[in-house]
Amino acid sequence: GVPNVVGVAAGSDHSLFLTSAGTVYASGYNTYGQLGDGTTTDRHTPVQVAAGVPNVVGVAAGSDHSLFL
């Protein structure tokens, strides 16, 4: 599971989870790299993403993209 979730966002076919530590996890389809893990591999269980973005305070998701604040 994802530890201490404080925020979520849902795109068309992917989901983002923000933790209290400011890290982001994502799962779902990744055809366009929308998960933010640097690949186009679909993820059926959440994986940590946005490694280059420290202390994220918000997440948003669209059809085929994700945003980290």
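Student: What pattern does the chain follow when read along the sequence?

Tutor: Helices (H or I, at least four residues) and strands (E, at least two) are DSSP runs, numbered from the N terminus; in this predicted model, the chain follows the pattern β-β-β-β-β-β, with zero helices and six strands. Because the radius of gyration, 10 Å, is close to the 11 Å that the globule rule gives for 69 residues, the chain is as compact as a globular protein of that length; that radius is taken over C-alpha atoms, and the rule is 2.2 Å times the number of residues to the power 0.38.

Student: On what basis should I read the numbering and the values?

Tutor: Residues are numbered from 1 along each chain as its sequence is written, and side-chain values use heavy atoms, leaving out hydrogens and water. As the model is predicted, local features need pLDDT of at least 70 and side-chain atom pairs count only at pLDDT 80 or more, while totals for chains, interfaces and linings use all residues.

Student: How many bridges join β2 to β3, and in which sense do these strands run?

Tutor: Two strands pair if DSSP finds at least two bridges between them; here five bridges join β2 to β3, and the two run antiparallel, with Phe 17 having Tyr 25 in β3 as its bridge partner. These two strands form a hairpin with four residues between them, and Gly 22 in the turn has a positive phi of about 85°.

Student: How does β1 pair with β2?

Tutor: Strand β1 (residues 5–10) pairs with β2 in the antiparallel sense over five bridges, and Val 5 has Thr 19 in β2 as its bridge partner. This hairpin has three residues between its strands.

Student: Is Gln 34 buried or exposed?

Tutor: Buried means under 20% relative accessible area, exposed over 50%, and partly exposed in between (1.4 Å probe, protein chains only); Gln 34 counts as buried because its relative accessibility is 4%. Strand β2 (residues 14–19) is mostly covered too, with five of its six residues buried, and buried residues make up 33% of the 69 residues in the chain.

Student: Where is Gln 34, and which residues is it in contact with?

Tutor: Gln 34 sits in the loop between β3 (24–28) and β4 (43–49). Contact means heavy atoms within 4.5 Å, and, leaving aside neighbours within four places in sequence, Gln 34 is in contact with His 14, Tyr 29, Asp 64, His 65 and Ser 66.
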